Structure formats: C-alpha cells, structure tokens
Amino acid sequence: MAAAAAAALRAWFWNERFWLPHNVTWADLAGEPGPGLQYPRAGHVLSAFPLALGIFAVRLLFERFIAKPCAINLGIQDSGPHRAQPNAILEKVFTSITKSPDGRRLEGLSKQLDWDVRKIQRWFRHRRNQDKPTTLTKFCESMWRFTFYLCIFFYGIRFLWTAPWFWDTRQCWYNYPFQDFLIMFVHHLATIGLITFSYMNNMVRVGTLVLCLHDASDFLLEAAKLANYAKYQRLCDAFFMLFGVVFIVTRLGIYPFWILNTTLFESWELIGPYPSWWLFNGLLVTLQILHVIWSYLIIRTAYKALVRGKVSKDDRSDVESSSEEEEVTSNSTKGVFSTSSNGSNCINGHVAGGQWTEDE
C-alpha cells in the first residue's frame with residue numbers, strides 16, 4: 001500500500017504535462033543526444049552534496065592559509081572583545097529571558113545583586129559582544145566570498161562568451177528541451193540553489209544567463225566589506241557605490257529587458273506556454289520585485305552615506321561603546337537597515353552585512 005502511494009505521488013509530481021512542453025515526454029530525455037552525452041536527470045542534483053562538502057573544505061583552507069595572513073598583514077587583529085565577568089543570575093537572564101533588559105528589569109536586577117544599574121548595563125554589553133565575530137573572522141569570510149564570486153562570475157563570462165544564446169537569447173528555446181548540458185554542469189552545481197528548477201526542467205541555457213547576471217555585483221560588495229574591515233574608508237565607499245551602480249544596472253535594466261524578455265515573450269513565441277512555464281516565469285518575476293526592493297534600499301543607503309560622508313561599520317562584530325549602551329534602553333539610534341537576531345541584514349546580503357549607522 002505504501003509503495004503504491006509513493007508511486008502515485010511520484011507520478012503526480014513528475015507529471016510530464018506540467019514540466020515539459022507539449023509532445024515531449026521524460027522518455028524522450030532518457031536517451032543520449034550523442035556519444036558520451038546525456039540530458040539532465042533529477043538524480044544528478046545529488047552530486048551537489050559532495051561538491052558542497054568539497055567547496056566547504058576549500059573554504060576552510062582558504063580562510064586559514066590565505067585570508068588570515070592577508071588580514072594580519074593589513075593590521076587586523078584577532079583580539080576579541082572584553083569578556084563579562086561570570087555571574088549566574090545575569091547569565092540566566094541573558095540566555096533565557098532577554099539580551100537587552102529594559103529599565104524596569106535593570107532596576108530589579110540592581111536590587112537583587114546590589115549592583116549599580118550602569119554596571120549591569122556594562123555586563124550585558126560585554127556579554128553581547130562576546131557572541132559577535134571579530135573583525136578578523138569577518139574579513140576572512142568576506143575575502144572567501146569575494147574570491148568565490150569573482151571566480152564564478154568570470155568563469156561564467158568565459159564560458160558564455162562563446163555561447164550563441166549569450167548574444168541571441170532566442171537560442172535558449174531552439175530545439176528545447178533537447179540541448180546538451182555537460183559544459184554547464186559544474187557551473188550549475190556551484191549555484192544549485194538558484195537554478196535547481198532550470199536544471200530539472202533542462203532550461204540550462206537561460207539558467208546560465210540568470211546566474212552570470214546575478215554574479216556581476218556580488219564580488220564588489222565583498223570588496224567594499226574587505227576595505228571596510230581594513231579601515232580603508234574611501235576605498236570602501238568607492239566599492240560600495242560601484243556595487244550599487246552595477247546592481248541597479250544589472251537588476252533593473254539588463255534583467256527585465258534581457259532575461260525576462262526572453263523567458264516571457266521569446267519562449268512564448270518559440271515553444272509556447274505550458275504549466276511549469278508559468279511557475280518558472282512566476283519565480284523570475286518575483287525575483288524582479290525583490291530586485292526593485294533591494295535597489296531602493298541600496299539607493300537609500302548610498303544617499304545617507306553621501307550625506308554623512310561615509311558608509312559605516314558592519315554591525316555583526318562592532319563592539320558597543322559605553323555611551324551607546326547607556327542610551328540604548330530608551331532611545332538608541334536606528335540604522336538604515338534593521339538586522340535579524342544573528343546580526344545579518346534583511347535584504348538578502350546585498351548591503352555589507354549589517355546596519356549602516358552614523359559615526360559616534
């Protein structure tokens with residue numbers, strides 16, 4: 001009974017009339033287009049897991065033996081923030097109730113411990129700082145992402161430069177879905193989260209265009225963060241402004257007029273719509289809406305940075321100052337972007353990792 005139910009579910013999920021154009025079946029894609037060649041298959045996606053482990057191992061080696069020495073040569077130290085003195089009562093409040101107690105709770109703790117309120121505020125500030133990564137750690141993370149994004153982007157450009165669909169997007173749909181995929185296989189696996197749908201549905205040509213376009217600005221953001229951690233503020237500002245320009249041009253200009261034009265209109269003309277075509281384009285249009293939101297936030301950040309004279313620091317590991325702590329319980333100054341509980345930003349990583357606040 002269970003096997004029959006599983007088979008029925010599998011047949012429903014992989015319904016050919018949803019995933020493939022009319023008059024095309026999965027059996028058509030089971031053959032080989034040529035000697036040593038084959039079409040994409042769902043099982044190939046499992047190759048992403050060992051590849052991810054391999055990339056993770058390379059990252060660990062890169063951060064330890066390349067990024068860390070570079071950071072040290074730039075004068076970035078691995079010293080962590082001042083640690084809070086052990087206190088069981090405050091530790092319990094910090095881990096179980098709140099990391100930023102309000103005035104009423106501070107007064108209660110002050111009476112319970114016979115401590116001054118400012119001393120308790122200072123303890124919580126030091127305790128919060130203990131959980132934040134050091135500037136050295138963040139520098140190593142950003143240097144890895146910068147290197148990875150840069151290599152992936154130029155790899156994509158190097159491959160796509162000779163691909164006919166890079167210059168004529170109508171080529172994405174000629175003879176679809178009977179296209180070879182082996183040359184794109186590694187590039188697809190490297191960014192499997194973005195292109196799983198295009199891979200499973202053999203939309204590998206248009207998938208490579210989407211990937212390359214989205215890689216164009218990421219390494220510039222990481223370059224800005226590296227300059228920020230190394231305290232090269234002018235270089236940081238320049239990279240961030242360049243990132244903003246490239247992001248807006250690629251996401252609000254090239255993406256809708258090049259990518260969406262071919263997926264919505266050229267594909268309709270050449271192969272016609274089918275159920276998964278609507279899903280695919282719905283996801284791409286949703287992505288365009290996110291591009292508009294992210295672009296607005298980046299423009300707002302750039303404007304405030306110009307008004308203030310600089311882009312400020314990454315909130316994830318900046319230690320809090322005592323003057324900042326004494327005001328935080330009532331009116332702390334908010335950054336341009338709010339951050340999540342783990343300190344990461346709320347716009348898909350497209351502003352350098354945290355709040356952009358005024359200098360103190």
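A residue is called buried here if its relative accessible area is under 20%, exposed if that area is over 50%, and partly exposed in between (1.4 Å probe, protein chains only). By that yardstick Lys231, at 71% relative accessibility, counts as exposed. The model is a predicted one, so to speak with care: local features need pLDDT of at least 70, side-chain atom pairs count only at pLDDT 80 or more, and totals for chains, interfaces and linings use all residues. Residues are numbered from 1 along each chain as its sequence is written, and side-chain values use heavy atoms, with hydrogens and water left out.

Back to Lys231, which sits in the loop between H12 and H13. Helices in this text (H or I, at least four residues) are DSSP runs numbered from the N terminus, as are strands (E, at least two). The phi angle of Lys231 is near 70°, a positive value in a residue other than glycine. Asp114 also has a positive phi, near 60°, and is not a glycine either. Asp114 is found in the loop between helix H5 (103-113) and H6, and with a relative accessible area of 69% it is exposed. As background, most residues other than glycine have a negative phi.

Next comes the inside. A nonpolar core means a set of buried Ala, Val, Leu, Ile, Met, Phe, Trp, Tyr and Cys residues joined through side-chain atoms within 4.5 Å. The largest one here has 32 residues, and Leu160, Trp165, Leu209, Phe243 and Tyr255 have the most contacts inside it. Two or more residues each come from helix H7 (135-160), helix H8 (164-167), helix H11 (204-215), helix H12 (218-229), helix H13 (233-270) and H14. The top contributor to this core is H14, with 7 residues. Leu160 gives a feel for the packing: leaving aside residues up to four places away in sequence, it touches Trp165, Phe166, Trp167, Thr208, Leu209 and Cys212, where contact means heavy atoms within 4.5 Å. Apart from the largest core lies another, of 12 residues, including Phe62, Ala71, Leu226 and Tyr229. In soluble globular proteins, nonpolar side chains tend to be buried together.

Charged pairs are worth a look too. A salt bridge is a side-chain nitrogen of Lys or Arg within 4 Å of a carboxyl oxygen of Asp or Glu, and the count comes to 6. In one of them, Arg127 meets Glu91 at 3.0 Å, N to O. That pair links distant parts of the chain, with Arg127 in helix H6 (residues 117-130) and Glu91 in helix H4 (residues 88-96), 36 residues apart. Arg127 is buried at 12% relative accessibility, whereas Glu91 is partly exposed at 26%. Arg127 also forms a salt bridge with Asp131, the closest N and O atoms being 3.1 Å apart.

Over in helix H12, Glu222 and Lys225 are 3 residues apart, so about one helical turn separates them. Their side chains meet in a salt bridge (3.8 Å, N to O). Both partners are tucked away: Glu222 is buried at 3% relative accessibility, and Lys225 is buried at 4%. As for shared partners, salt bridges join Glu91, Arg127 and Asp131 into one network.
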